[in-house]
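Biologist: Let us go through this model together. I will ask, and you reason from the atoms.
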Protein chains: 2
Amino acid sequence: MTGGSVRVTIDDVARAAGVSRQTVSRAMNDKGDISEATRRRVLATIEELDYRPSAFARGMRTQRAGTVALVLPDIANPFFPAVARGVFDAAAARGLSVVVHNTDADAGAEAEAGRAIVDAGAAGAIGFFEALDDAALAALGRRIPLVVADRPAPDGAVATVRTDFRAGTRLACGHLSSRGHARLGMLDGAVQNKPERRRAFLEVLGAAGQPDPADHVVAGPPTVAGGAAALRHLLARHPGVTGVFAFNDLLAIGAVQALRAAGRRAGEQIAVVGYDDITMAALLDPPLTTVHTDKYELGRTLVEVLAHRLDGHPAEHRTLAPRLVIRGSA
Amino acid sequence: MTGGSVRVTIDDVARAAGVSRQTVSRAMNDKGDISEATRRRVLATIEELDYRPSAFARGMRTQRAGTVALVLPDIANPFFPAVARGVFDAAAARGLSVVVHNTDADAGAEAEAGRAIVDAGAAGAIGFFEALDDAALAALGRRIPLVVADRPAPDGAVATVRTDFRAGTRLACGHLSSRGHARLGMLDGAVQNKPERRRAFLEVLGAAGQPDPADHVVAGPPTVAGGAAALRHLLARHPGVTGVFAFNDLLAIGAVQALRAAGRRAGEQIAVVGYDDITMAALLDPPLTTVHTDKYELGRTLVEVLAHRLDGHPAEHRTLAPRLVIRGSA
DNA sequence: ATGAAAGCGCTAACAA
DNA sequence: TTGTTAGCGCTTTCAT
């Protein structure tokens, strides 16, 4: 009780416990070569003095902070908060803090985020990179343990967690076909490095014998406004389309709205299937039929895979299975 | 080009520029006592070697990282991503990284977040604290520059940014009255430390002469499900209520759904006004009449106020004005 | 205007 | 099993 608000250091603990500071370090970091009795005593002293190790000093030695980075294009896009929630919970459970970098899917911002992450000495990074190329991603993966989401691995050292887009797309298109829609169109998000959904769509349509599938894809920004515009373009070009598959729910919602504005109703004259199953999807009228991906689980898994990597395991590659949720719009 | 991936340190720069390392430090930190010529030369060398100062080493000296913390109850609640977006953008513009702590409005989690923030040596913190009491908040504010959102200042050292709930509530209730709704009820969020909306509601109703206003408030968790349940309770207790004001849009949406399930339609038999104007509000059917608060601007302002504090200015207190957005539900 | 010395708090390597 | 020695890269005195 000598007062003052000076920091309690490892030396204070060592002195109070009657050991060297190395022993304190061993006790708190669960290193071996320490007797159980000493360990207990030191831990008790730490508790008593309310000692908190300096993250800076520790980082200086280890070159690794207790922090992981989360890179995403736009936290305001409803898909990402759900994922982020899973990331936060899983990270907190492991005593890791999460630094979020918002990039707007801009290549410069993604690169800058990578630099900031490395400079900050983050223990690892989780990223939804949409603009950076594989070479840049591989380079980042060499400087720091990295897990990329929803994208093929650019490199053996980079782990991945993906949702099975092909399966999801087949689910969506299969459903539309089974409901009797012979002519399908796709509203694609103008998102680089994400060709899977479009490819799967073309594949399914090709197999089903629909003529000229590629001409039935319209790309636009993956937003509500983008979806409305894309739907108008699609129908202007191909008035016979009655089944619409959207890259994500935001686009699908825009499509439903554009239909309503044109006096048509999704689920009746024309069917719309979204992707992601964001919270909003179930609350709309008509509620949106969509491919559900477990976003919270995706976030959790990203952290789990990163944690394995931090523990020295090789890069894993996991895939999450989507499922179709049939509601009113298709 | 001697190779290796060893870190470029301040000494490397000093050597290359032919100066001492404090001169390098002076140059990069814009301290005085350095000739313009030297400064330029050092900066050029820094550029050339792609030198990035170690955050750890710097933090060790200064006890301050280039990181700010953002504490919020639930990133998956649509209000917060919109605010977070403003925080991220404003922080990035100032070269600050943002560490996000999700608390679920739990007192233990909020306290733990505070501890983690201090331990990490964050430069400052921005928080939506819903469970922590004023004493704990004031204590945190003494250890680190702190800005609290949507809550009265617990202490002279703590800055605040708030939306004017009283004004918003008056707007909402005034609108309901002007539409001829004589009997109003409120769906309150069961959120500690947020009595303003309820208080303003009681005040307005008291002034308008409605009997027993307090009995017309039903509290529940601020979610869609909570809103549906609260609405059923409210109408069971007071079947004569025709105007409903909700603590937030999630509650309001739940209320609209409960009405639909009961064969009634918001905006016709009964009016519902929400609060926040989350993205979803405009997309629903009927679209939600709600009190709009500029969430992005709130985030931006929180960072601005924190930045002023970091620059040594006294704690500020700002208020953002809400406005009513009239749509179909009321 | 510049440089030399000191030390922030911790952990890795080695010695005892 | 424990302690000692060194030093991570930076900024802050203080001297020049």
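Biologist: Of the atoms of DNA strand D within 4 Å of the protein, what percentage belongs to sugar or phosphate?

Modeller: Keep in mind that this is a predicted model. The atoms of strand D within 4 Å of the protein divide into bases on one hand and sugar or phosphate on the other. The sugar or phosphate part is 52%.

Biologist: Which residue places a backbone N or O atom 2.4 Å from a phosphate oxygen of DNA strand D?

Modeller: Backbone atoms of several residues approach phosphate oxygens of strand D. For Ser54(B) the distance is 3.1 Å. For Ser35(A) it is 2.8 Å. The 2.4 Å distance belongs to Ile10(B).

Biologist: How many residues of the surface near DNA strand D are charged?

Modeller: In total, 27 residues surround strand D, with Arg26(A), Arg61(A) and Arg21(B) among the closest. Of the surface residues, 8 are nonpolar and 10 polar. The charged ones number 9.

Biologist: Why is strand β6 of chain A largely enclosed by the rest of the structure?

Modeller: Take the two faces in turn. Leu184(A), Met186(A) and Asp188(A) are buried on one side, and Gly185(A), Leu187(A) and Gly189(A) on the other. β6(A) is largely enclosed because its buried residues number 6 of the 6.

Biologist: Which residue in β7(A) is the bridge partner of Asp188(A)?

Modeller: β6(A) runs parallel to β7(A), and 4 bridges join them. Together with helix α9 of chain A, the two strands make a right-handed β-α-β unit. Across from Asp188(A), the partner in β7(A) is Ala219(A).

How values were computed:
Residues are numbered from 1 along each chain as its sequence is written. Chains are lettered from A and ligands numbered from 1 in the order in which they are written. This is a predicted model: local features need pLDDT of at least 70, side-chain atom pairs count only at pLDDT 80 or more; totals for chains, interfaces and linings use all residues. Side-chain values use heavy atoms; hydrogens and water are left out. A residue is near a molecule or strand if one of its heavy atoms lies within 4 Å of it. A polar contact is a pair of N or O atoms within 3.5 Å; within protein, one must be able to donate a hydrogen and the other to accept it, and residues adjacent in sequence count only if both atoms are side-chain atoms. Ala, Val, Leu, Ile, Met, Phe, Trp, Tyr, Cys and Pro count as nonpolar, Asp, Glu, Lys and Arg as charged, and the others, Gly among them, as polar. Buried means under 20% relative accessible area, exposed over 50%, partly exposed in between (1.4 Å probe, protein chains only). Two strands pair if DSSP finds at least two bridges between them. A crossover is right-handed if, with the strands pointing away from the viewer, the path from the first strand over the helix to the second runs clockwise.
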